[in-house]
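Colleague: I should like to go through the interior of this protein with you, beginning with any enclosed space. May we look at the model together?

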Amino acid sequence: MKKSIGVSPNIETLFGTRDENVRLLEDGLNVTINLRSNSIEIEGAARDVARVEQVFSDYESLQRSGYTFNNGDLNSMLRVLTSDPNSTLRGLADAGKQRSFGRRTVQPKSSNQRRYLEAIEKHDMVFGIGPAGTGKTYLAVAMAISALLAKRVNRIILARPAVEAGERLGFLPGTLQDKIDPYLRPLYDALYDMLDPEKVDRYLEKNVIEIAPIAFMRGRTLNDSFVILDEAQNTTSEQMKMFVTRLGFNSKAVITGDITQIDLPNARRSGLLEAIDVLKNVNGLAFVHFDEGDVVRHHLVQRIVRAYDEHKTRVAEQMLLLGETKTAEPNVSDRAANPPEPEKSSSSETRQ
């Protein structure tokens, strides 16, 4: 099917730098888009052509209403739109306007990020599990700030296990708080990115925002709070059980972690791994899993995550093949312990 639509004023801003947004629509929706002198020509399956036409219509409508796209938001929305057949450009823009993230506009950059934000809105406890750079912590902090500014909660509590990943806490200079602060720095970074520094400092001083190691959570009941546990793969089984049972009335909890980066001495005792297995059928919880396609850092990070996953698969296959080879070949020590029995002579040879 081929269809031509009229060119509206400033529609070329939809195309993006070097027409990157056009290529994104073409690849994601299997269409061909050509800009003519007085029209835009779209060619492809009827359903896909209709979706592209809706994108242009929504973009024109949003422009007329004064909506502005910031920091690559348009490209992010188009990525979500091409991967989710039920989404529209206007729907994604409206969803972003409904959330107040302080001085930042935060838009999901993948379908999994969108599901993550929706899960946090709908559930009181959400697990975000996936590799580095997928926005697990950043989006959780954004949703916490949104809830605080909308007065749906009275405080934000950010917790993280202070696990020694190759370094020893005792050798770090300063007080206990000075030793722990570097482990909590990613949480501070997200806060300062979304709120004015003065406001963050004021919230921290008044304990409206509290950042602490998970050990400080023991014995507390957290009411009217938005609680985030970051780097949850480094919690022990006991710590995880303690944390998920702290939730009080009118509170939300988000637990984030990367099960491929466990720094505990015994990785099998990770509280996050156990929680995935124990809590998977509990009503009211949500699990959102991210992959390398959701990485929103430098494009090299996405490739690095994929390379590590492929390496892990190759190693597992080699170990499996090695195990099968050892099973097929009898052990030398077994042969020595159980030598073959000598052949018995026939009855005729015995008589001779």
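Modeller: Certainly; please bear in mind that this is a predicted model.

Colleague: How many cavities of 30 Å³ or more are there?

Modeller: A space counts here if a 1.4 Å probe fits but cannot get out. With the threshold set at 30 Å³ or more, the count is 1 cavity.

Colleague: Which charged residue helps to line the largest cavity?

Modeller: The largest cavity has a volume of about 30 Å³. Its lining comprises 5 nonpolar residues, no polar ones and 1 charged residue. The lining residues are Leu222, Val227, Phe243, Leu247, Ala253 and Arg246. Of these, the charged one is Arg246.

Colleague: What percentage of the residues in the protein is buried?

Modeller: The protein has 13 helices and 9 strands. Residues 24 or more positions apart account for 72% of its contacts with a separation of 6 or more. A residue is buried if its relative accessible area is under 20%. Of the 352 residues in the protein, the buried share is 42%.

Colleague: Which element supplies the largest share of the largest nonpolar core?

Modeller: This core has 36 residues, and those touching the most other members are Tyr116, Leu191, Ile211, Phe226 and Ile228. Helices H5 (111-122), H6 (136-149), H7 (176-194) and H8 (197-205) each supply at least two of its residues, as do strands S5 (155-160), S6 (209-213), S7 (225-229) and S9 (285-289). The largest share, 9 residues, comes from H6.

Colleague: With which residues is Leu191 in contact, leaving aside its neighbours within four places in sequence?

Modeller: Leu191 is one of the residues that touch the most other members of the largest nonpolar core. Contact here requires heavy atoms within 4.5 Å. With those neighbours left aside, the partners of Leu191 are Val141, Ile145, Leu158, Val200, Ile209 and Ile211.

Colleague: How many residues does the other core contain?

Modeller: This other core lies apart from the largest one. Among its members are Val31, Ile33, Val52 and Leu92, and its residues number 27.

Colleague: Why do the buried residues of helix H1 line one face of the helix?

Modeller: Helix H1 spans residues 20-29, and its buried residues are Asn21, Val22, Leu24, Leu25 and Leu29. Seen down the axis of H1, these residues line one face because they fall within an arc of 160 degrees.

Colleague: Against which elements do the buried residues of H1 pack, and which residue follows the helix?

Modeller: The packing partners of those buried residues are strand S2 (31-35), helix H2 (46-64) and helix H3 (73-83). The residue that follows H1 has a positive phi, near 55 degrees, and is Asn30.

Methods. Residues numbered from 1 in each chain as written. Predicted model: local features only at pLDDT ≥ 70, side-chain atom pairs only at ≥ 80, totals over all residues. Heavy atoms only, no water. Core = buried A, V, L, I, M, F, W, Y, C linked by side-chain atoms within 4.5 Å. Buried < 20%, exposed > 50% of the residue type's maximum accessible area, 1.4 Å probe, protein only. Helix = DSSP H or I, 4+ residues; strand = E, 2+ residues; numbered from the N terminus. Arc of directions from axis to C-beta. 1 Å grid on protein atoms, 1.4 Å probe; cavity = no way out; pocket = protein on both sides within 12 Å on 5 of 7 lines; lining within 4 Å. Points joined across faces, edges and corners; volume = space filled by probe spheres on them.
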